[in-house]
Amino acid sequence: MGTLRYYSTLRNFNNILAVSNQNLGLVMTGAGHYKNYSKNKDTCCKDTFQAEGRSVENWPKGDSTMQIWRCDGPQQPQPINYDPYKIRSPEVVVPPLPPSNAKPMLECARTKGPCSVKPVADPPPCPPPPPPPFPWIYVWGLASFFGLMGLIYKLYLWNEARIKLGENVPVWRPRRMIKRPFHHKDLPPCVQYLIIGAGAAAWAAYRSIIEHDKKAKVFFISKEDCLPYDRPPMSKHMWWNPDPPDIDKLNYMQNWKQKTMYLSECHKFMDPVKFYRTETGPAVSIATGWCVQRVDADYHVAWVKTLCGEQPIYYERCLLAPGSKPKQLSMFKSAPKPVRDRVCTLRTIRDLEIAYRSVKAAKHVVIIGGGSLGCELAWHLGRMNKMEKEVDPEKQPLEIVHIYKDKGIMAGVLPEYLGEWAAEKIKNEGVTVKPKTQVYDAFQSPDGRLELTLSDGSSLVTDYAFVAVGAEPRVELAEPSELELDDVNGGFLVNTELEARTHLYVAGDAASFYSQWKDTRLRLEHYLNAQELGHVAGSNMTGYWQACNIEPHFWLRFEDELQVEVVGEVGACMPTIGIFKQCTTEEMAKKTQAVESASGERPCYKKTDEYKNRYKRGMLMYLRDETVVGFVFWNMPPIEDRSAVATEILRAKPSYKDIDLLAELLGFVDTKCVYMKEEELVEPGPCIKNWRTF
Ligand SMILES: Cc1cc2nc3c(=O)[nH]c(=O)nc-3n(C[C@H](O)[C@H](O)[C@H](O)COP(=O)(O)OP(=O)(O)OC[C@H]3O[C@@H](n4cnc5c(N)ncnc54)[C@H](O)[C@@H]3O)c2cc1C
């Protein structure tokens, strides 16, 4: 009732509320109220009682002709006959009240106690409970169980397949590259001697610096995450170790002696922070795994690449010895990853770690390249096969194929006949040699191995391939550092003192230096030369003015089989004079006869003892305009200062007419030189099966 009352009050309030004037305020007409208040000008308020079911008239009765005036705003002018008490309210029909229950209720309460007159109706019956929901949880549980079982079964099958394929061996991954010091803020902000690189040249420079400056403070910074080490054993003795190379030791056996590839003990290097705090030397420290991006020679600062940019290291003297990087064949560069994973170039310890494990797991290996690195690898892998066979005769030998594009090995240095003769040494170790062959294409074979298409039209399926086709200098630093490059030889252009800019030196494989003796530029990629250049650069960094007048010097070693040492300028296209110690004629005749009569065949010339002994020991002299400019010592007994003597001799520019004297000076004594014609040096005819002499 109250709700209805207030509702209608509100509605009527909106409809008929009239504002008489500002003094009077609100006047409410009482349609829907029990009392209707109205105000006459003369009388006071008068109550008008509401009669049930009767329409209520306004009092006093309104003049129907009179306009209802509503105040729309306080400033509106009032009409002339304005009467604020004369309010017309609409006729309202009040609905009849429901019959009162009070009396019967009171009666009932008096006689029966608290009760209601109307009997309370029984509540409606409860609806039947909903049917239980479908047990989806069981369905999901079952589905998950079977799914899990299926997955486990699938994994089991996959593992079985892996075992069948022999892939269940845990996969070895190369170790993570670790920077030392870990944070770039621990790098010293300024150093006295900064050496960029930690190879042969860098180490030789350090030795030279501490020799000349006893209080030197030397800081190395290297891209590789290991201490300075020698690279040559990587293609030689390291392959004969029964265990894979270990970065902590890098040991190998040579002549029954244990040796290490490391050039220094790690305890010799100070912590970089401690090094920086040390006021005077001698002190040496190293940062490994850090790459120098550029060198600003004007401000004497090297910028080291960090995670968030560059970190400067100021220096007094700086040496760049970034070395060289291996060349890669174009078909491997653009090959997909499965092919590239089976191909490797050998330059760093990391390469050796990966290659060693891959070769040990392989059944077939290919070596591409007939240079010194490729030949040494082929020969040492062949010998490794033999050694493993001795230890375990049951072991399946590794198949090794050596591919090179020329007729003989080391075709850039050796005359063809000698290259061919040396290739026999590799063959003798059980290696299949494929001369005059090139690799044209590479792709993955159906069984996931590496398939190589060769220039002779055949294809070769292998497990792993080494690419040893030469190296090129690392010159990435040149452009950002605004250093000049040698367009002909490659490498950084430096003067005879190995200086590229004031107080900035370059040494090692990456330096193209001017040789006064030869009046030409040289860039050499050999271990001994890198050491020599490093030595010169090191002493010049301490204030000396040493000129770099060195001769090219390197070697090729097949252990007890062949030792080749090269000094001076050599090239396959240059005229050469060869002196070789031979068997006596009677001895040779006897040996040839014995072979012939035994087999009843004319043996291949290359299989005869005559051929085998022909170039057993000797010497080659390389000529330029009748002057001897280079030597090759072929299996000569080792003499310590032979290279120094040869260098001195070459400096004197000897004539080819003095070759007997030169031979004697260089240790080739007790020899009567035999000059052979060109046709005598090549193989006399092919092998003929079932050959008979009449
Ligand atoms: C497997 C193998 C076998 C070899 N065998 C023989 C051999 O029998 N006889 C022979 O005469 N020669 C051999 N050599 C070649 C000889 O090792 C090199 O000529 C010699 O190591 C070059 O020395 P290097 O100091 O100039 O450069 P490397 O020894 O190559 O050292 C370069 C150093 O510079 C660092 N570096 C490069 N760029 C940066 C940069 N931006 N920032 C910081 N550091 C950087 C590298 O990390 C590395 O430590 C062989 C080489 C190899 C790879």
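Where in the chain does P181 lie?

1. P181 is found in the loop that runs between helix α3 (136-165) and strand β3 (190-196). In this predicted model, a cis peptide bond joins R180 and P181, with an omega of about 0°. A second backbone detail concerns L250, whose phi is near 55°, a positive value in a residue other than glycine; the place of L250 is in the loop between β4 and β5 (251-254).

2. Before reading further, a student should look at the confidence of the prediction. The mean pLDDT of the chain is 82, and 77% of its residues reach 70 or more. Confidence in the chain is highest in strand β23 (residues 504-506), at 97, and lowest in strand β2 (residues 26-27), at a mean of 38.

3. Two stretches call for care in reading. Over residues 587-600 the pLDDT stays under 50, and for this stretch the model has 9 contacts beyond four places in sequence. Over residues 686-694 the pLDDT likewise stays under 50, and here the model has 8 contacts beyond four places in sequence.

4. The surroundings of the ligand come next. There are 35 residues around the ligand, and of these G197, G199, A201, G323 and G508 come nearest. By class, the shell is made up of 20 nonpolar, 8 polar and 7 charged residues. At least two residues of the shell are supplied by each of α4 (200-212), β4 (217-222), α12 (527-541) and β26 (553-558).

5. Why does the ligand lie between domain 2 and domain 3? Residues of the shell around the ligand are given both by domain 2 (184-228 + 263-325 + 473-541) and by domain 3 (330-469), and therefore the ligand lies between them.

6. An open sheet is formed by 5 strands in the order β12-β19-β13-β14-β15, with parallel pairing. Its edge strands are β12 (343-344) and β15 (432-434), each of which pairs on one side only. Within this sheet, strand β13 (residues 364-368) and strand β14 (residues 399-403) run parallel and are joined by 5 bridges, and the bridge partner of H364 in β14 is E399. Helix α9 (residues 372-391) packs on the sheet, where it touches β13, β14 and β19 (464-467), and the direction of α9 makes about 165° with that of β14.

7. Another open sheet has 3 strands in the order β16-β17-β18, and here the pairing is antiparallel. The edge strands are β16 (439-444) and β18 (459-462), each pairing on one side only, while the twist averages 25° from one strand to the next. Strand β16 pairs with strand β17 (residues 450-454) in the antiparallel sense over 5 bridges, and F443 stands opposite E451 in β17. As background to both kinds of pairing, strands of a sheet pair through backbone hydrogen bonds, either parallel or antiparallel.

8. Strand β26, one of the elements that supply residues to the shell around the ligand, also takes part in a hairpin with β27, with 3 residues between the two strands. The strands β26 and β27 (residues 562-568) run antiparallel and are joined by 6 bridges, and W555 stands opposite E565 in β27. In the turn of this hairpin, E559 has a positive phi of about 45°.

Terms used: Residues numbered from 1 in each chain as written. Predicted model: local features only at pLDDT ≥ 70, side-chain atom pairs only at ≥ 80, totals over all residues. pLDDT = per-residue confidence, 0-100. Helix = DSSP H or I, 4+ residues; strand = E, 2+ residues; numbered from the N terminus. Contact = placed C-beta atoms within 7 Å. Near = placed C-beta within 6 Å. Nonpolar A, V, L, I, M, F, W, Y, C, P; charged D, E, K, R; others polar. Domains from an automatic or database assignment. Pairing = 2+ DSSP bridges. Axes fitted to C-alpha atoms, helices over the stretch in contact; angles between N-to-C directions.
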